[in-house]
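Student: I am new to this structure and would like to understand the words people use for its parts. Could we go through them together?

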Amino acid sequence: MYIILITGCCLAYFSFSRLLYEGETLSTDPTDLNQLQLNVLLYCKANAWVHIDAIAAAKEVFPELAKQQDWKLTISDDPTLFTTHQLEKYDVLVWSNVTGRTLDDDQRAAFKDYIETGGGFVGIHGTGDNSHDWDWYYDELIRAVFSHHPMEPQFQVGTLTRECPSNFKACESLPSQWEWEEEWYVFEESPRNKGAAIIYTLDETNIVMHADSKGTEKHKDKGMGDDHPIVWFNCVGEGKAFYSALGHKGTYYHDPVHQKLLIKAIEWAGDHNQKCN
Ligand SMILES: [Zn+2]
């Protein structure tokens, strides 16, 4: 059963009629008492690069995942939701391709406090880029600073290899190796060096890392070498923050393995019985 709440203005630049509504709450009948009945906020506001297809796909797919998993889901790109009072009802905040500065100082303080006092966070792809202009966000929440992604070509198939931190129980249910096409994000330094628990790393062997044509100001051709994390998590105060650099294209959100990763990430972030450390 869908309950549609119209709480914000139109996203006029999207052509998908579904996205004419901001703030959707999906309620489902409990069908599996063993599942976590999480209250999840999907937030996709993009003030820098807009992943139009990926954001549309996430807003299409997340209600299906919520129905399967018996989550209560709110979809909203309204930053005024980021108050202490409103955030406290959510188990997990999913930021899917959130870019640029989307929160004002008070909203940032409420978000930071929510995380540090035990909230759950799952960041997807563009959410980990370098457009956020927020030291705490890079240093504590994501623990990596985006450098670039390859452009020659932009999308390449790579192999992901799983690591299983002991404090991420669902890890064994994810593939140990995984062939995936992506716009591969390169970070200035491995988040492992800042204490992140790594779940997937990218084998760079066959990936061309050029970001732009040689001789231009934007030219970057470095990779991250033997330690190129793509999916990881961090303990932030009492809270839990999961980040996956996967998810540029809209089609990726319909992939069952990618969906499974997102489900397990949200369950981990929202399960208060599963400690981070
Ligand atoms: Zn992208």
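Tutor: Gladly; we will take a few descriptions in turn and see what each rests on. Keep in mind that this is a predicted model.

Student: Let's start with V61. What makes V61 buried rather than exposed?

Tutor: A residue is called buried if 20 or more other C-beta atoms lie within 10 Å of its own. V61 has 20 other C-beta atoms within 10 Å, so V61 counts as buried. You will find V61 in helix 1, which covers residues 52-69.

Student: Which residues is V61 in contact with, leaving aside its neighbours within four places in sequence?

Tutor: Those are Y253, H254 and Q259. Contact here asks that the C-beta atoms lie within 7 Å. Y253 is 192 residues from V61 along the chain, yet their C-alpha atoms are separated by 6.8 Å.

Student: Now helix 4. How do you know that its buried residues line one face?

Tutor: In helix 4, residues 135-142, the buried residues are Y137, E140, L141 and I142. Looking down the axis, the buried residues of helix 4 fall within an arc of 155 degrees, so they line one face of the helix. The general rule helps too: an α-helix has 3.6 residues a turn, so residues three or four places apart point the same way.

Student: Which exposed residues sit on the face turned away from the buried side of helix 4?

Tutor: That face carries D135 and D139. As for the buried residues of helix 4, their cover includes helix 3, strand 6, strand 12 and strand 13. Just after helix 4, R143 takes a positive phi of about 65 degrees.

Student: Why is strand 12 called mostly covered?

Tutor: Strand 12 spans residues 229-236, and 7 of its 8 residues are buried. Each of those reaches the cut-off of 20 or more other C-beta atoms within 10 Å, so the strand is described as mostly covered.

Student: How do you know that strand 12 pairs with strand 11?

Tutor: Pairing needs at least two bridges. Strand 11 (residues 197-203) and strand 12 have 4 bridges, so they pair, in the antiparallel sense. Within this pairing, A197 stands opposite F233.

Student: What joins strand 12 to strand 13?

Tutor: There are 6 bridges between these antiparallel strands, and V231 stands opposite S244. Strands 12 and 13 form a hairpin with 2 residues between them, and G237 in the turn has a positive phi of about 60 degrees.

Terms used
Residues numbered from 1 in each chain as written. Predicted model: local features only at pLDDT ≥ 70, side-chain atom pairs only at ≥ 80, totals over all residues. Buried ≥ 20, exposed ≤ 12 C-beta atoms within 10 Å, placed from the backbone. Contact = placed C-beta atoms within 7 Å. Arc of directions from axis to C-beta.
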